[in-house]
Number of protein chains: 4
Amino acid sequence: MNRNRPKYKQIIDAAVVVIAQNGYHQAQVSKIAKQAGVADGTIYLYFKNKEDILISLFYEKMGYFVEQIEDEIKETMSAAEKLLVMIRKHFQILASDANLAIVTQLELRQSNLELRERINDVLRDYLKIVDTIILEGKESGEFLSNLDVRLTRQMIFGTIDETATTWIMNNQKYSLPELAESVHQLLLGGCGSKI
Amino acid sequence: MNRNRPKYKQIIDAAVVVIAQNGYHQAQVSKIAKQAGVADGTIYLYFKNKEDILISLFYEKMGYFVEQIEDEIKETMSAAEKLLVMIRKHFQILASDANLAIVTQLELRQSNLELRERINDVLRDYLKIVDTIILEGKESGEFLSNLDVRLTRQMIFGTIDETATTWIMNNQKYSLPELAESVHQLLLGGCGSKI
Amino acid sequence: MNRNRPKYKQIIDAAVVVIAQNGYHQAQVSKIAKQAGVADGTIYLYFKNKEDILISLFYEKMGYFVEQIEDEIKETMSAAEKLLVMIRKHFQILASDANLAIVTQLELRQSNLELRERINDVLRDYLKIVDTIILEGKESGEFLSNLDVRLTRQMIFGTIDETATTWIMNNQKYSLPELAESVHQLLLGGCGSKI
Amino acid sequence: MNRNRPKYKQIIDAAVVVIAQNGYHQAQVSKIAKQAGVADGTIYLYFKNKEDILISLFYEKMGYFVEQIEDEIKETMSAAEKLLVMIRKHFQILASDANLAIVTQLELRQSNLELRERINDVLRDYLKIVDTIILEGKESGEFLSNLDVRLTRQMIFGTIDETATTWIMNNQKYSLPELAESVHQLLLGGCGSKI
DNA sequence: CATGAATGAGATTTCATTCAT
DNA sequence: CATGAATGAAATCTCATTCAT
C-alpha cells in the first residue's frame, strides 16, 4: 500500500477519469483498472477496497487544494484579501480540471453516508483555513466582531460550493473564476441590508 | 397511479421512514411495502418504479415546503422579513420531522444524477421564491441594487442548505430553528466588511 | 362456465386479437379482459384459468376447421380430390383470418408442453380426417396400397403446417390458397422419382 | 466470451441436460450453472445473457448436424441417395442424444418469437442442403423438372420435423432411424398417385 | 509484484388469481 | 353476475473481491 509508487497515483487519476466520464455508479473497479492499465487484482495491492480508492482520491486532490490555497494566502495581508484569494484559487483549480470538478462536486456526493463522513474528515483542513480567515477578520476589525464562526464558515463554504455545483450542472458553460470577485463581495457584504 | 387514494401517501410516508432508518441504499422496495403495510406488488399500482417513489416523495414534501413558505411570507412586508420567515419556516419544517430532514438533506442526494436532475426540477419552485424575495429587496431599496440575482440565490440557498446538512451530520443535537435569526443576519450583512 | 353465453365467445375472440397483436408472452389476462370489455375477474367466471382460455380458443377454432373441412369433402368423390379440398380449405381459413393464422401457427406454439399436449388432443379430430382420406385412397387403389398411414399422415400434416408457418413468417406476403394445388401435387407424387 | 475455453461447451451441455429434464420454462440460469459446476456469475463471462445461451446451444448443435450431414452426403452419388442419407443421419443424431432431441424438437420452440427468428437463421444452413439436393435431383432428371424448390423443401423439412416431433411426443418409444427409409420413399413418391 | 478468471449474494418487477363489495 | 384492487412468489444479472498461478 505504498503511496509513493507510480501506480498509486496512476490508479487515482484513472478513477477521476472513469468517474467523470461514466458517473459514480458506472465506475466499476474493472473500468478503473483498465483505464489505469493494470489488472483488476493490482488495484488491491494499493488500495484496501473500492471505497479506499475514492477516499484516497479525495484526500490527494483536496490536499492539493489546501496546499495551493495556503501557499497563496500566506502572502496576502488582510482577511478580506485572503478570502478573495481563496475563492479565486478554489474556482481556478476546478476550472482547470473539468474531470476533477465533476468528480468532487457531483459524482462523489452519490457515495454512501459512511464514505461521505470520511470525506468530511478530509474537508476539515479546508474548513480550518476558512475558520482562520474568519477569526483573523474578527480580530483585525475587518469583520463584525460578533460573527458566529461556525455559521459564517457554513455561509462561506455553502456559497462557494453551491456556486461551483450550479456551474457544473450548467455544463461549465460560463467562466467560474470570473465569478470569484462577485462572490467575494457577496460574502463580505451580504445582501447589503442596513440592519 | 391515482395519487388521491390513501395508499399513495401511505407508501410515500413509509419510504421516508425506511430511508431515514436504513439509508438510501438499504431501502428496498420490500422494506417500504412492509412498512406501508401493503404487498410488494401494490407499490407498482401507485408508482411506475422505485425511482418514481423517490421523485414523488420529494415532489410531495417539497411541495409542502413551498406551500407553507408562500403562505407565511405573503403576510409579511419587507423583503428582509420575508427572508427571515422563509429561513425560519425551512428550519422549522426540517426540525419538526427528523426523518424527512435526513431523507431530503442526506439520503436522497445519493441517488444517481438522473434522479437528482428530476429533483432539481422540483426544487425550482423553491428557488423561485428566493428570486422573488431578492428582486423585491432590490426594487424596494432594502438590498443593494447591483446584486446579481443568480449568485445571491446561490448564496442564500447554499448557506441554508449547508447549515441544515451540518445540523443533520451532527445528529440534530442543537436547535436548528434557533439559528434562523443569525443566518438571516449573516445573509443580509455578510461578514460585515465595509467594502 | 356456460359456453353459450355471449361473453364466452367475446373473451376468446379478444384473446385471438390480443395474442396476434402482442405475442403470446405479452398477452396478459388484463389485456384480454380490456379487449373483451369485461373486468379481469369476469374472465374467471367463464374460464378456469388462463390456460383454459387458450385451450378453449384452440378447441373452438379448430372445431370450426374440422366442421368446414368435413362439410366440403363429403361432397367430393375421390381421395385425391378430398385431399385437395382439405388443403385448400385449410389454407383459405388461415388466409381469411390473419389474426387466427398468427395465433395458431406461431404464438400458441410458445406455450408450455402441458398446454401443447392438450392442444394435440384437439388436433386429433383433424388428423382423423387425414387418416380417413389416406385409408380411402389405399382401398380405392388411388394411393399405394403399402402406405404407412401414420407416416403418410405426418407427411401430409407436416407439409401443410410447414407451408402455412413459412407463409406467416414471411408476413403473409403471397397468396397461401394459391399454393394448395401445388402442395397437393407434391403430396400425391412426392419428388416424382421412379423408385 | 471465448468459445474455445472448456467452460463454454460445459455450460451449453449443462443447458441441454437441464432444459431436457426440467422444461424450457423451468431451466433457470442457476440450475444450468449448478449442472455445469460453475457459479451463476461465471455463465455471464461466456454468454451475454440467458437468451445467448440458448442461441449458442442451437448454433453449436445444429452446426454439428450440418457438418455431419454434409460429410456423409458428399460421398454419395444420386440426389435420392443423398436425401436418404440426410434423413437417416438426422434421425440418427436425434436418436443418439435423447436430451438434445427433446430440447431442439420441443423445448426450444417455446422460446419467444425473437429467439425463434435467431434460431431460424441457424436453420438456414440446413435448409440450404435440402435445396441443393432438390436442385441436383431436378437437373439429373431424378426428380420432376417442374418441382417448386421452396414447396418441396417445405415438404421435406416439414415431414422430417413432424416425424421427429411425433416420435418425441410418444416418448421415443420406437426407433426413429428405422423410419428413415419409409420416410424417404414417401418423399420420393408421395402417396403414389398417378396424377 | 502482477494477473484475471471465478465467485455468489442480493433486489426489482411482473402478472395470474382472489374475494370483498 | 360483475368488478378491479390487492396479493406475493420468483428469477436474471452485476460487480467487488479473492487467490492460484
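## Paired chains

In this predicted model, chain A is superposed on chain B by a rotation of 179° with 0.2 Å of shift along the axis, and the RMSD of that fit is 0.2 Å. The copies meet through the same surface, because 100% of the interface residues of chain A are also interface residues in chain B.

Chains C and D can be described in a similar way: a rotation of 179°, accompanied by 0.2 Å of shift along its axis, brings chain D onto chain C with an RMSD of 0.2 Å. This is the relation of a two-fold axis. One surface again serves both copies, since 98% of the contact residues of chain D recur in chain C.

The relations of chain A to chains C and D are of another kind, as neither pair is in contact. Chain A and chain D do not touch, and their nearest C-alpha atoms are 14 Å apart; chain A and chain C are likewise joined by no contact, with their closest C-alpha atoms 31 Å apart.

## Fold and domains of chain A

The secondary structure of chain A consists of nine helices and zero strands, and the order along the sequence is accordingly α-α-α-α-α-α-α-α-α. Taken along the principal axes, the box filled by the C-alpha atoms of this chain is roughly 60 × 35 × 30 Å.

The domain assignment divides chain A into domain 1, covering residues 1–47, and domain 2, covering residues 50–189. The centres of these two domains of chain A, taken over C-alpha atoms, are separated by 26 Å, and the domains are in contact through 17 residues of domain 1 and 18 residues of domain 2.

An unreviewed UniProt entry lists residues 28–47 of chain A as "DNA-binding region". In the model, this span of chain A is 75% helix and 0% strand, and its end C-alpha atoms lie 14 Å apart.

## The surface around DNA strand E

There are 30 residues around DNA strand E, and those that come nearest are R5(A), T42(A), Q28(B), T42(D) and Y46(D). By class, the residues of this surface near DNA strand E divide into 12 nonpolar, 10 polar and eight charged. At least two residues each are supplied by α3 (40–46) of chain A, α3 (40–46) of chain B and α3 (40–46) of chain D, and the largest share of the surface near DNA strand E, five residues, comes from α3(A).

On the side of the nucleic acid, 73% of the atoms of DNA strand E within 4 Å of the protein belong to sugar or phosphate, while the rest belong to bases. Several polar approaches to phosphate oxygens of DNA strand E can be named individually. A polar side-chain atom of Q28(B) lies 2.5 Å from a phosphate oxygen of this strand, and a polar side-chain atom of Y46(A) lies 2.7 Å from a phosphate oxygen of DNA strand E. For V29(C), a backbone N or O atom takes this role, at 2.9 Å from a phosphate oxygen of DNA strand E.

## The surface around DNA strand F

DNA strand F also has 30 residues around it, of which T42(B), Y46(B), R5(C), T42(C) and Y46(C) come nearest. The residues of the surface near DNA strand F comprise 12 nonpolar, 10 polar and eight charged. Of the atoms of DNA strand F within 4 Å of the protein, 72% are part of sugar or phosphate, and the rest are part of bases.

Among the polar approaches to DNA strand F, a polar side-chain atom of T42(C) lies 2.4 Å from a phosphate oxygen, and an N or O atom in the side chain of Y46(B) is 2.5 Å from a phosphate oxygen of the strand. A polar backbone atom of A39(C) is 3.0 Å from a phosphate oxygen of DNA strand F. The elements that give two or more residues to the surface near this strand are α3 of chain B, α3 (40–46) of chain C and α3 of chain D, and α3(C) contributes the largest share, five residues.

How values were computed. Residues numbered from 1 in each chain as written. Chains lettered and ligands numbered in written order. Predicted model: local features only at pLDDT ≥ 70, side-chain atom pairs only at ≥ 80, totals over all residues. Heavy atoms only, no water. Least-squares fit on C-alpha atoms with pLDDT ≥ 70 in both. Contact = heavy atoms within 4.5 Å. Near = heavy atom within 4 Å. Polar contact = N/O pair within 3.5 Å; in protein donor to acceptor, adjacent residues only side chain to side chain. Helix = DSSP H or I, 4+ residues; strand = E, 2+ residues; numbered from the N terminus. Nonpolar A, V, L, I, M, F, W, Y, C, P; charged D, E, K, R; others polar. UniProt positions renumbered as here; feature names shortened; annotations may be inferred. Domains from an automatic or database assignment.
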